[in-house]
Amino acid sequence: MARRPGDPKSTKNAPGQGRMPDREAVLTYLAENPGTAGKREIARAFGIKGEDRIALKSLLTQMAQDGAIKKKGKRLEQPGELPATLVLDIVSRDRDGGLLARPVNWNEAEDGKTPVLAIRQPKGRSAVIAGVGDRVLAKIDRDHDNRRRGGPQSARVLKLLDKRKDAVLGVVRITADQIRLEPVRKRQDEVILDAPGLGGAVDGDLVEVQVSRIGSHGLKHGSVIRVLGSLKSEKAVSMIAIHVNGIPHVFPEAVISEAAAAKPVHPSQKLPHEDWRSLPLITIDPPDAKDHDDAIHAMPDPEDGGGHVVTVAIADVGWYVRPGTMLDFEALKRGNSVYFPDRVVPMLPERISNDLCSLKEEEDRPALAVRMWFAADGRKRKHEFHRILMRSHAKLAYADAQAAIDGAGSAAKARDALEPILKPLWAAYACLKRGREARGPLELDLPERKILLKPDGTVDRVVIPERLDAHKLVEEFMIQANVAAAETLEQKKQPLIYRIHDAPSMDKLETLREFLRSLNIQLARSGNMRASQFNGILAQVSGSDREELVNQVVLRSQSQAEYNPANIGHFGLNLLRYAHFTSPIRRYADLIVHRALIGALGLGAGAITPEQEAMLEVIATDISITERRAMQAERETIDRLVAGFMSKKIGEAFSGRINGVTRAGLFVTLNDTGADGFIPISMLGDEYFRYDESRHLISGEETGSSYQMGQKVEVRLVEAAPVAGALRFEMLSNGTAGKRSMRSRPANERQRRGRNSGSAKYRPR
């Protein structure tokens with residue numbers, strides 16, 4: 001039988017034959033080498049050399065423009081190609097009873113139609129058993145023959161992440177005529193509770209409810225199965241996010257016992273650590289920091305005029321948390337610490353995180369240190385890692401260190417450290433800044449707000465902390481230490497977990513390009529986008545009314561950073577290799593990197609094990625999930641706290657900006673508090689509004705009046721739902737005047753979308 005030209009077995013297009021592949025051969029090669037192939041690998045596989053590489057580049061560029069392939073960093077893949085491991089929701093069964101699953105959070109616009117995968121039947125005693133409704137981590141099979149026959153890809157379950165639950169969370173609300181469950185999420189239905197089914201819960205209790213039936217008018221009915229606590233107590237708001245997001249927050253007894261048994265190190269012990277206690281390392285942290293996991297030092301380089309030697313020392317968590325222990329299992333389960341305004345849910349017990357591994361002032365602590373030499377232009381010339389015993393010579397707050405440098409009033413401790421420690425640090429930072437500017441990382445200007453609480457756990461005020469050079473100094477030192485860790489492990493050929501950040505997708509870039517065009521700003525079409533190109537755009541709008549709008553839109557065009565043992569670089573930082581090394585107290589990824597360094601450099605006990613190396617892909621996926629879980633929980637808690645604060649201000653007017661535009665309405669962020677609220681499109685007027693997605697804008701067909709993301713507006717607060725973290729505003733500002741549309745909807749439709757719908761009862765979402 002004659003072979004097709006694109007068949008990999010064909011002599012014309014087979015890899016290694018030294019002939020130019022056609023489109024089908026390229027697609028076949030990418031399908032058989034998912035996630036690892038780029039232009040260089042394709043050229044090597046097909047034996048393409050010399051000037052033929054130009055023709056290959058042209059073919060690949062054309063295929064990318066046609067949508068046949070897409071770029072992910074330096075990798076090429078087919079649209080919709082699945083990664084090696086993926087989080088799946090098992091949604092149904094096929095006609096033979098087999099399980100079918102879909103990827104979680106699949107972006108159809110970017111990645112194509114949502115794929116359906118068949119779950120392979122598990123075998124053996126250690127197999128993971130899953131069912132419909134479960135969320136799982138699965139390994140994707142590369143069964144290309146089955147796909148060509150039209151069948152689904154298959155997957156094998158590696159880990160059960162979440163069992164299906166019929167129970168819902170909410171707050172008990174008891175009135176004279178009704179007992180109901182108030183939703184804790186914006187899109188959650190209310191549940192009617194029967195008095196016999198309260199299970200001892202009282203008004204204001206956070207409870208878990210089993211939904212038992214659907215009553216008249218479609219209302220759900222249920223009974224309390226667990227009382228989680230009262231919302232009248234301190235720290236109750238963060239408890240909602242902890243339970244809603246399934247964040248482990250109580251350490252098992254075995255973990256506490258293991259932590260309690262850990263002993264501090266002493267110089268008299270036989271340790272693999274070098275004695276660096278005389279080096280004047282210091283910690284610079286927020287004033288309320290309870291743990292101190294990084295210390296820094298700098299001095300002029302005696303061998304290179306204008307150069308500097310920078311030392312970053314990180315708490316040696318690997319000395320206390322060994323692979324295979326209960327502490328290790330719990331740390332992996334949590335993935336990271338979670339920071340709420342009213343509490344911290346730590347990755348490790350306080351005995352470890354706040355005591356033995358906290359670089360306390362004037363106390364001996366084990367650490368992993370990297371010493372880095374920088375040339376006068378900010379380039380890192382070399383670096384080396386050491387396992388050390390250190391002693392912090394001073395504990396400073398950011399503001400105190402900055403005040404000492406600025407010559408302003410500062411704490412005595414900071415003044416004492418000014419000449420011998422702080423001035424050399426700032427001189428080194430000036431040097432590193434030159435390297436950073438030459439590198440050109442993405443420089444988004446999006447100020448972060450901080451919530452300050454009263455003793456009872458309610459909001460006192462919301463502030464925007466000043467961004468000091470002291471913050472930037474520590475941040476840049478940590479970035480360079482992370483780069484050094486990744487470079488060392490690569491050089492030693494030691495598997496590790498990278499912190500990767502992909503370049504924006506072609507679809508997102510095209511959407512951004514179309515938006516910028518509406519502002520008469522050009523974004524060049526380029527095969528390899530760089531962060532510096534975005535910085536050029538941001539510089540054009542700096543100081544203008546469009547600055548916040550463009551910063552927000554550029555941010556939304558970016559990919560999400562994640563952990564992965566396969567490196568594609570970090571687009572935002574414009575770095576080829578980057579690994580998290582500097583916070584092992586609060587991030588499991590950093591603990592893995594510490595263990596890898598200890599093993600690769602022969603630094604003693606606590607090295608990574610072969611079993612962990614084999615599981616790096618699964619671990620990276622796990623901790624990427626826990627990181628996103630933590631971010632969501634932190635954001636939800638802030639929303640609830642601010643909504644509670646704002647609930648006392650119903651009817652008041654506020655200044656803000658539109659931070660989101662959808663077909664359903666506008667999202668507005670208030671200037672003073674950062675509170676986010678929604679304005680339904682039905683409340684904007686008695687006309688039909690057209691939605692322009694590329695310009696982030698809606699405009700009225702009759703008047704041409706428009707509202708666009710980034711626009712300054714005045715709004716009135718009309719409704720607040722603190723438990724769900726939802727606010728609803730009413731627009732007080734007029735839209736931007738514009739030309740009336742020549743196309744007009746029928747009057748009856750305008751009326752239906754306008755006045756009539758505006759009078760309907762609205763529940764914050």
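**Note on the predicted model: strands, cavities and backbone outliers**

1. Strand 19 and strand 20 (residues 380–391) pair in the antiparallel sense, with 11 bridges between them. The model is predicted. One register point for this pair: V370 has F385 of strand 20 as its bridge partner. The two strands form a hairpin with 5 residues between them. Within that hairpin, G378 takes a positive phi near 95°.

2. Strand 19 also pairs with strand 16 (residues 308–315). That pairing is antiparallel too and runs over 8 bridges. Here R371 of strand 19 stands opposite T311. Strand 19 thus has strand 16 and strand 20 as pairing partners. Strands of a sheet pair through backbone hydrogen bonds, in either a parallel or an antiparallel sense.

3. Is strand 19 buried or exposed? Strand 19 spans residues 364–374, and 11 of its 11 residues are buried. In a regular strand, side chains alternate between the two faces of the sheet. One set in strand 19 consists of D364, P366, L368, V370, M372 and F374. The set pointing the other way is R365, A367, A369, R371 and W373. Both sets are buried. Note that D364, R365 and R371 are among these buried residues.

4. Some totals for context. The protein chain has 765 residues, and 49% of them count as buried. Its secondary structure comes to 20 helices and 33 strands. For contacts between residues at least 6 apart in sequence, 66% join residues at least 24 apart. The accessible surface is about 37,000 Å². Carbon and sulfur atoms account for 48% of that surface.

5. A second sheet to check is open and has 3 strands, in the order 29-30-31. Its pairing is antiparallel. Strand 29 (689–692) and strand 31 (706–708) are the edges, each pairing on one side only. From one strand to the next, the twist averages 15°. Strand 30 (residues 697–700) is joined to strand 31 by 3 bridges. I698 has Y707 of strand 31 as its bridge partner.

6. H696 deserves a look. It lies in the loop between strand 29 and strand 30. Its phi is near 55°, a positive value in a residue other than glycine. Most residues other than glycine have a negative phi. H696 counts as buried, at 16% relative accessibility, because the cut-off for buried is under 20%.

7. K493 is another non-glycine residue with a positive phi, about 55°. K493 sits in the loop between helix 13 and strand 24 (498–500). Is K493 buried or exposed? K493 has a relative accessible area of 74%, so it counts as exposed, the cut-off being over 50%.

8. Helix 11 (residues 398–406) has these buried residues: Y398, A401, Q402, A403 and A404. What covers them includes two strands and two helices. The strands are strand 14 (282–285) and strand 21 (394–397). The helices are helix 12 (412–439) and helix 13 (469–491). After helix 11 comes G407, with a positive phi near 80°.

9. How many cavities of 30 Å³ or more are there? The count comes to 5. The largest cavity has a volume of about 40 Å³. Its lining is formed by D639, V642, A643, A675, D676, G725 and L727. Helix 19 (residues 616–646) gives the largest share of this lining, with 3 residues. The lining includes the acidic residues D639 and D676.

10. D189 is a loop residue, placed between strand 9 (179–183) and strand 10 (191–193). Which residues does D189 touch, not counting those up to four places away in sequence? They are P183 and K220. D189 and L219 are 30 residues apart in sequence, and their C-alpha atoms are 8.5 Å apart in space. D189 is partly exposed because its relative accessibility of 44% falls between the cut-offs of 20% and 50%.

Notes:
Residues are numbered from 1 along each chain as its sequence is written. This is a predicted model: local features need pLDDT of at least 70, side-chain atom pairs count only at pLDDT 80 or more; totals for chains, interfaces and linings use all residues. Side-chain values use heavy atoms; hydrogens and water are left out. Helices (H or I, at least four residues) and strands (E, at least two) are DSSP runs, numbered from the N terminus. Buried means under 20% relative accessible area, exposed over 50%, partly exposed in between (1.4 Å probe, protein chains only). Contact means heavy atoms within 4.5 Å. Accessible areas come from the Shrake-Rupley method with a 1.4 Å probe; for residues, only the protein chains shown count as cover. Two strands pair if DSSP finds at least two bridges between them. Axes are lines fitted to C-alpha atoms, for helices over the stretch in contact, and angles run from 0 to 180 degrees between N-to-C directions. On a 1 Å grid over the protein atoms alone, a cavity is a set of points where a 1.4 Å probe fits but cannot get out, and a pocket is an open set with protein on both sides within 12 Å along at least five of seven lines; lining residues have an atom within 4 Å of a point. Grid points are joined across faces, edges and corners, and a volume is the space filled by probe spheres set on the points.
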